[in-house]
Amino acid sequence: MDIPALQASWRDVEEVGDEAVLYFYSHLFTAHPEVRAMFPISMATQRGRFFAALGRIVSSVDRIGSDPSFVQQLGRDHRKFEVVADHYPAAGASLLATLQYFLGAAWTETLAADWAEAYGVVAKIMLLAAEENEMDAPAWWEAEVVGTDRRSIDVAVVRLRPTRPYEYTPGQSFAVEIPQRPKLWRYYSPANAPRADGTIDLHVQIVAGGQVSTPLARQVAAGETVRMGAPIGTALTVADQFRGDLLMVAGGTGLAPMTAVVEQLDAEWRATGANANVHLFHGVRTQWNLYEHGFLTEMAETRPWFRYTPVVSEEPTFRGATGPVGAVAARAGDWRGYTALVCGSVAMVEHTRDELTGAGLAHTAIRFENFDPSGAADAAPPADTGHEVPTWR
């Protein structure tokens with residue numbers, strides 16, 4: 001495969017924007033009308049997913065052989081959408097038709113063969129991972145809503161109790177489907193390490209006009225049942241018995257995976273007395289959105305290995321650190337030798353990454369998931385919400 005040619009052609013089609021995405025789905029639904037029922041009535045939330053998925057896959061197709069984990073996760077995760085083997089050729093054919101239509105004369109036989117090969121590699125890895133996963137895991141888990149705790153004007157903590165054992169690692173995420181919005185899956189990170197009672201807390205940003213996060217926080221009542229997808233993601237996870245220096249930078253409800261990892265490290269410290277060295281910066285627009293301030297302050301006062309800095313960006317009278325959280329964190333110390341975990345909106349992650357590298361932290365030491373927690377599935381607010389995972393479905 002000519003990887004540069006694949007990437008260049010993808011950039012050309014990406015510039016077309018929504019028109020290309022609409023063409024893809026029109027072709028798919030016309031050729032295979034039976035798959036339309038797999039999608040929500042409103043397709044607005046699908047458009048960004050399509051481009052995000054293809055962009056990620058195309059940019060890494062030359063590395064998939066050595067590290068197929070992301071594509072394998074996509075395959076396992078797509079089981080909750082009821083994707084089966086026959087759907088992969090259908091999507092591939094519509095993808096190639098879309099590329100051919102918008103690339104015009106640039107769509108050569110050689111380029112077409114490379115795209116077909118690249119898609120075939122990805123589809124095979126996804127399908128094999130899904131088939132293997134099917135032998136020992138359900139396509140989704142059901143969970144009872146235990147209750148909702150409104151922590152601020154626009155942040156709620158929703159507690160779930162899966163009806164069967166659900167294993168995950170702090171720092172991972174999973175998709176949630178609520179009965180009020182069938183077939184609209186929204187990604188969240190557990191905000192706690194695994195508990196003996198199995199309950200899981202989600203930090204939910206309430207978004208004006210949000211299709212999932214807002215009804216999850218306001219309408220889903222205790223006793224109702226939601227669906228949960230398989231846990232995914234590794235960039236924000238920390239190995240058991242981790243010993244080292246960690247810098248955590250969170251924007252809004254991007255705090256959730258950080259608190260889960262902090263709980264993991266705290267449990268190990270209480271059990272063994274050994275610990276990592278952790279400094280967490282939590283950035284919000286106004287101070288009332290420091291919804292875990294009490295817990296994090298207590299941790300900082302009682303754990304010798306943990307430091308916490310709240311950061312407010314839009315309230316000059318705040319008596320503490322102000323400004324973009326990435327800039328504040330970068331200026332706060334010498335982070336060379338640290339591992340940085342970053343979670344927030346795409347813009348926040350990119351800004352923080354640039355600030356930290358500018359301050360001397362190696363690019364390879366900065367870890368973040370390639371998710372979009374900016375609210376793309378809801379309304380793209382300026383604050384951070386749940387995760388939007390790249391997927392053609």
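**Exercise 1. Locate Thr225 and describe its surroundings.**

Thr225 is found in strand 6 (residues 225-228), where helices (H or I, at least four residues) and strands (E, at least two) are DSSP runs numbered from the N terminus. This is a predicted model, so local features need pLDDT of at least 70 and side-chain atom pairs count only at pLDDT 80 or more, while totals for chains, interfaces and linings use all residues. Residues are numbered from 1 along each chain as its sequence is written, and side-chain values use heavy atoms, with hydrogens and water left out.

*Step 1.* Look at accessibility. Thr225 has a relative accessible area of 41% and is therefore partly exposed; buried means under 20%, exposed over 50%, and partly exposed in between (1.4 Å probe, protein chains only).

*Step 2.* Look for contacts, meaning heavy atoms within 4.5 Å. Leaving aside neighbours within four places in sequence, Thr225 is in contact with Glu142, Ala143 and Pro179.

*Step 3.* Check the backbone. The C-alpha atoms of Thr225 and Ile178 are separated by 7.5 Å, and the two residues lie 47 residues apart along the chain.

**Exercise 2. Work out the strand order of the six-stranded sheet and find what packs on it.**

*Step 1.* Trace the pairings; two strands pair if DSSP finds at least two bridges between them. The sheet is open, its pairing is parallel, and its order is 10-9-8-7-11-12. Strand 10 (321-322) and strand 12 (366-367) stand at the edges with a single partner strand each, so one side of each has no neighbour in the sheet.

*Step 2.* Inspect strand 7 (residues 245-251) and strand 11 (residues 339-343): they run parallel and are joined by five bridges. Here Leu247 stands opposite Ala340 in strand 11.

*Step 3.* Add the helices. Helix 8 (residues 256-272) packs on the sheet and touches strand 7, strand 8 (277-284), strand 9 (306-312) and strand 11, with its direction at about 150° to that of strand 7. Axes are lines fitted to C-alpha atoms, for helices over the stretch in contact, and angles run from 0 to 180 degrees between N-to-C directions. Helix 9 (residues 293-302) also packs on the sheet, touching strand 8 and strand 9, and makes about 145° with the direction of strand 9.

*Step 4.* Turn to strand 9. Seven bridges pair strand 8 with strand 9 in the parallel sense, and His282 has Pro310 in strand 9 as its bridge partner. Six of the seven residues of strand 9 are buried, so strand 9 is largely enclosed by the rest of the structure.

**Exercise 3. Decide whether Gln264 is buried or exposed, and list its contacts.**

*Step 1.* Gln264 is found in helix 8.

*Step 2.* Its relative accessible area is 8%, so Gln264 is buried.

*Step 3.* Not counting residues up to four places away in sequence, Gln264 touches Pro170, Ala193, Val238, Ala239 and Asp240.

**Exercise 4. Classify how helix 1 packs against helix 5.**

*Step 1.* The axes of helix 1 (residues 3-14) and helix 5 come within 10 Å and cross at roughly 75°.

*Step 2.* Helix 1 and helix 5 are therefore roughly perpendicular; angles under 35 degrees count as roughly parallel, over 145 as roughly antiparallel, 65 to 115 as roughly perpendicular and the rest as oblique.

*Step 3.* Ser9, Asp12 and Val13 of helix 1 make the contact with Leu99, Phe102 and Leu103 of helix 5.
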